[in-house]
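Welcome! Have the sequence and the 3D view open side by side, and let us walk through a few places together.

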Amino acid sequence: MADTAFVGSAAAAARPPLARRIWSTSTSRPLPLRSAGVGPAGSVALRMVAAEPVPSGSSFSNPPTPPSTRLISHTPEWAALLAHKRDVIDSSHLRDLLADEPRTMALYAEHDGVSLDYARQRVTVDTMRLLFDLAKAANLQGKMAAMARGDRINSTENRSVLHMALRAAKGDTLMVDGVDVNANVWDVLERIRAFTERVRSGEHRGATGKVIKNVIAVGIGGSYLGPDFVHEALKTDRDASKAAGDRTLRFLSNVDPVDVLRNTRDLDPEETVVVVISKTFTTRETKVNAKTLRDWLRNSMGRAPEVVAQHMVACSTNMEGTSEFGISPENVFPFWDWVGGRFSVCSSVGALPIALQYGFDSFERFLAGARSIDQHWQTAPMERNLPILMGLLGVWNMSFLGYSTRALHPYTEALLKFPAHVQQVDMESNGKHVTLDGDLVDYPVGEVDFGEPGTNGQHSFFQLLHMGQTVPCDFIGFMESQNPICEEGEPVSNHDELVANFFAQPDALANGKTADECRAEGRSEELVPHVTFLGNRPSVSLLLPICNAYSCGQLLALYEHRTAVEGFIWNINSFDQWGVELGKVLAIKVRQQINQTRYHNRPIKETFNASTARLLDRFLNGSVGCAFEEIVVDE
């Protein structure tokens, strides 16, 4: 349990932010922007999505509420943070803040074995008090409760956001629109348990009678990144690895045929089951790859119906589409429209491939870890709430300090795919430019996330982190290794060598190295500017016992909820993703043009701009198509 307590002086007096005005092209209403020199502005007071009933006699002819009164950047709490940044933080350095032992000891929280040290953030105890005030002004905990009970907080798609229900304990009840959501979730999970146990035991065999040993999961985006992160993390976990035995799990995501070759090249189709993951069963990349693997199976075993029936299963809600494809209805495992793809790893999307590879018990331990953080997020006070603390620090760094990029460094190779998953969770969720009310935000939102396991990242991009632009960092470390090794003649174990860097890098980023320290080392005056480290670069450190299924679940939920906290404060919809649609639509038009020019000798349409038309013409004249038996007209 966390033991953090906050004590300190009252916050600095609030000062209203300066502003200038521009016209929004989408709303034709003036929107305030933070003026230069004041610093980036930041966040939006989110309103509840459920509409209040209109009183009798009310009229909609009243003028709309001005955007400035809806933006949290125009609240006293926001102004107080701006004043605090100007008066206190701008003139401070982490080197000095870390020397303040009471402050440093206060900026720490823990839950269920997860320790969060945020003493290397550019904050004081007063900063945190002001951020908690901002959270209250944004009704953060009210919005968290609305999410948990199934309110339709995804207002642009009129959907609930219930990925926490995917890991609720069996027997719990959550009624939404008259339906027990948890009961439905566990109905599917129990079907997955039964099916995966039949496959793993050899009861369910391939069409030629061979035991199924290989799994290829076909999906893209959230249907791939989350399950792949868990798979890579469990590969070297002692219990999960033992359960996997000589089985193989691979993920086919890219529609690039090279990805098909890499996934199938050394596998026996007769020993392989293909899991097609697509909610609608219409995603182009997934559908094309699924057809390609169906042909791969048929080319080996023939076109009898049992080839697809025995070797292909699906995670989808489109029963008609999967049936037409040849997949048996009993081998289709649904998930729901209240599960966003990037939040779906705890649904059948992750359960089916992970349980096939590592057994359902491993997946249940993963769910239990996520559930632990879910319960903590919903019940712990803000001052000791890990996801809330991380989310508020994200808002502070992005919207007040102006740090638009954030890096994630897990100090275990087992989490090599975790940064990519967090990248999608965060950037697809919070990469927005309008609030839930449709107003242009007048403060920075949505960080650019990237990362690499330590110590690999240190020899790749840490030069920039230490001496280039400031990038807040998350460091994730573990007390024990999945594979402990001790080499005679070395002063410490291999894992201790790794963890030494986990502890050293945050201090190096925070403290830096002064010019005087460089001179004391005997550096020449010409070299001193080049070896001086400015420091004052913020980070948080997360320390967990060991990387296993349970701790992976904890990390998943921790970062999911960090993203939600930021979105709730900013008053943006973290649960839709309209930004991915436009490129898809344009890709269809290009695909149609390729078909019409390559196979029907039609010229490139003038609707393409000159740049696209030039490159498209060069592509068509420099590449070859397929010798189809039947030429399809794509229009």
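Let us begin with helix α16, which is mostly covered: 15 of its 15 residues are buried. Keep in mind as you look that this is a predicted model. The helix takes in residues 386–400, and from its first C-alpha to its last it reaches 21 Å, close to the 21 Å expected at 1.5 Å a residue. Just past α16 you will meet G402, whose phi is positive, near 80 degrees.

That brings us to the backbone. Most residues other than glycine have a negative phi, and most peptide bonds are trans. With that in mind, which peptide bond here is cis? The bond from G454 to T455 is cis, with omega near 5 degrees. To find the spot, look at the loop between β12 (448–451) and α18 (462–467), where T455 lies.

Next come two residues other than glycine that have a positive phi. For D112 the value is near 50 degrees. D112 sits in the loop that links β3 (108–111) with β4 (114–117). Its relative accessible area is 35%, so D112 is partly exposed, falling between the 20% limit for buried and the 50% limit for exposed.

In N536, phi is positive too, near 65 degrees. You can find N536 in the loop between α21 (528–531) and β14 (539–544). Is N536 buried or exposed? N536 is buried, because its relative accessible area of 14% is under the 20% limit.

From N536, let us go over to A508. These two are 28 residues apart in sequence, and their C-alpha atoms are 9.2 Å apart in space. A508 belongs to helix α19. With 32% relative accessibility, A508 counts as partly exposed, whereas N536 is buried.

Our last stop is a patch on the surface. Which residues gather there in a patch of negative charge? They are E487, E488, E490, D496 and E497. To place one of them, follow the chain from β13 (473–478) towards α19 (494–511): E487 is in the loop between the two. E487 has a relative accessible area of 46%, so this residue is partly exposed.

Looking back, you have seen a helix with 15 of its 15 residues buried, a cis peptide bond from G454 to T455, and positive phi values in D112 and N536. You have also visited a patch of negative charge on the surface, with E487 among its members.

Notes
Residues are numbered from 1 along each chain as its sequence is written. This is a predicted model: local features need pLDDT of at least 70, side-chain atom pairs count only at pLDDT 80 or more; totals for chains, interfaces and linings use all residues. Side-chain values use heavy atoms; hydrogens and water are left out. Patches are made of residues with over 30% relative accessible area and no salt bridge: like charges are joined within 9 Å, nonpolar side chains (Val, Leu, Ile, Met, Phe, Trp, Tyr) within 5 Å. Accessible areas come from the Shrake-Rupley method with a 1.4 Å probe; for residues, only the protein chains shown count as cover. A salt bridge is a side-chain nitrogen of Lys or Arg within 4 Å of a carboxyl oxygen of Asp or Glu. Lys and Arg count as positive and Asp and Glu as negative; His and the chain ends are not counted. The place of a charge is taken as NZ of Lys, CZ of Arg, CG of Asp or CD of Glu. Helices (H or I, at least four residues) and strands (E, at least two) are DSSP runs, numbered from the N terminus. Buried means under 20% relative accessible area, exposed over 50%, partly exposed in between (1.4 Å probe, protein chains only). The expected span of a helix is 1.5 Å times one less than its number of residues.
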